[in-house]
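Ready for a few exercises with a structure open beside you? Take a moment to look around, then work through the tasks in order.

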Amino acid sequence: MATTEAGARVVGCTDEVSKYTRVTPDAAKASSDVVAGSKYLVLATATPGGTPWVTPVYFAHDDLASFWWVSRPQARHSRLIAANPQVAITVFDSSVPIGRAAAVYAEAWAAQCSDDEAAREICHYSARSVRHGVKPWTVDEVTRHAAFRLYRARTARLWLLADDDGPDYRIPIPLHPSPAPSSERKPK
């Protein structure tokens, strides 16, 4: 699912920051460093009526554009994503001293990957798992009759909470445009 203008309005992505311009080098590097240095993200989901639920999940990422995790479809957050794909994500290091936390915040659209998408994308999750000392994941572990599924969140908006001893100020981070999946591309 590509972020559309209609989808952008639903999440509130209509300001100039959401026009998908280039990330400034310093803010982009700081945001990427926070994400690369963390193993878990906090995934915020909500019922269609707005009741919130948060879950920590081990994740893999494609810079700041996509985040992947593996979950059971019966898990509460998975069921909530099926009913309401709008999610929020926070990535931060909870081990730093008070007042020194840098964090990345994202609004995103999440979904369970289809079997074809999982076949193409499990490599991201598997490679990061191996780097962290876990066995590689295979497509057979997240498709068909397997207990787990691969999920992906595509970032719509992103902010950095800088480690600058200042007030709680979030810096908007514009995103690179990402090509729509081939199934969503319009013929010329």
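Below are five exercises on this predicted model, each with a worked solution.

**Exercise 1. The overall layout**

Task: Find how many helices and strands the protein has and in what order they run.

Solution: Begin with the count, which comes to 4 helices and 8 strands. Next, walk from the N terminus, where the elements read α-α-β-β-β-β-α-β-β-α-β-β. Then turn to the contacts with a separation of 6 or more: 67% of them are between residues 24 or more positions apart. Finish with the surface, since 40% of the 188 residues are buried. The accessible surface comes to about 10600 Å², and carbon and sulfur atoms account for 57% of that area.

**Exercise 2. A strand with two partners**

Task: Work out which strands pair with E6, and in which sense.

Solution: First locate E6 itself, which spans residues 103–112. On one side of the bookkeeping is strand E5 (residues 86–92), which is joined to E6 by 7 bridges and runs antiparallel to it. A handy checkpoint for this pairing is valine 91, whose bridge partner in E6 is valine 104. Now take strand E7 (residues 149–161), which pairs with E6 over 10 bridges, again in the antiparallel sense. Here you can check glutamine 112, whose bridge partner in E7 is tyrosine 151. As a last step, ask how covered E6 is: 8 of its 10 residues are buried.

**Exercise 3. A salt bridge within a helix**

Task: Explain how aspartate 33 and lysine 29 are placed relative to each other along helix H2.

Solution: Start from the contact, a salt bridge between the two side chains of aspartate 33 and lysine 29 with an N to O distance of 2.8 Å. Then look at the sequence positions: both residues belong to helix H2 (residues 25–36) and are 4 residues apart, so about one helical turn separates them. Now check the exposure of each partner. Aspartate 33 has a relative accessible area of 41% and is partly exposed, while lysine 29, at 51%, is exposed.

**Exercise 4. More charged pairs**

Task: Identify the salt-bridge partners of glutamate 141 and aspartate 140, and say whether each residue is buried, partly exposed or exposed.

Solution: The structure holds 5 salt bridges. Take glutamate 141, whose side chain meets that of lysine 135 at 2.5 Å, N to O. Glutamate 141 is partly exposed at 25% relative accessible area, and lysine 135 is partly exposed at 46%. Move on to aspartate 140, which forms a salt bridge with arginine 144, with the closest N and O atoms 2.6 Å apart. Aspartate 140 is partly exposed at 48% relative accessibility, whereas arginine 144, at 53%, counts as exposed. Elsewhere in the tally, shared partners join the salt bridges of Glu117, Glu121 and Arg152 into one network.

**Exercise 5. Cysteines and disulfides**

Task: How many disulfides does the structure hold, and are cysteine 113 and cysteine 123 buried or partly exposed?

Solution: Recall what to look for: a disulfide is a covalent bond between the sulfur atoms of two cysteines. The cut-off for the search is a pair of cysteine sulfur atoms within 2.5 Å. The structure holds 0 disulfides. For the exposure, compare each value with the limit for buried, under 20% relative accessible area. Cysteine 113 has 2% and is buried. Cysteine 123 has 44% and is partly exposed.

Note on methods: Residues are numbered from 1 along each chain as its sequence is written. This is a predicted model: local features need pLDDT of at least 70, side-chain atom pairs count only at pLDDT 80 or more; totals for chains, interfaces and linings use all residues. Side-chain values use heavy atoms; hydrogens and water are left out. Helices (H or I, at least four residues) and strands (E, at least two) are DSSP runs, numbered from the N terminus. Buried means under 20% relative accessible area, exposed over 50%, partly exposed in between (1.4 Å probe, protein chains only). Contact means heavy atoms within 4.5 Å. Accessible areas come from the Shrake-Rupley method with a 1.4 Å probe; for residues, only the protein chains shown count as cover. A salt bridge is a side-chain nitrogen of Lys or Arg within 4 Å of a carboxyl oxygen of Asp or Glu. Two strands pair if DSSP finds at least two bridges between them.
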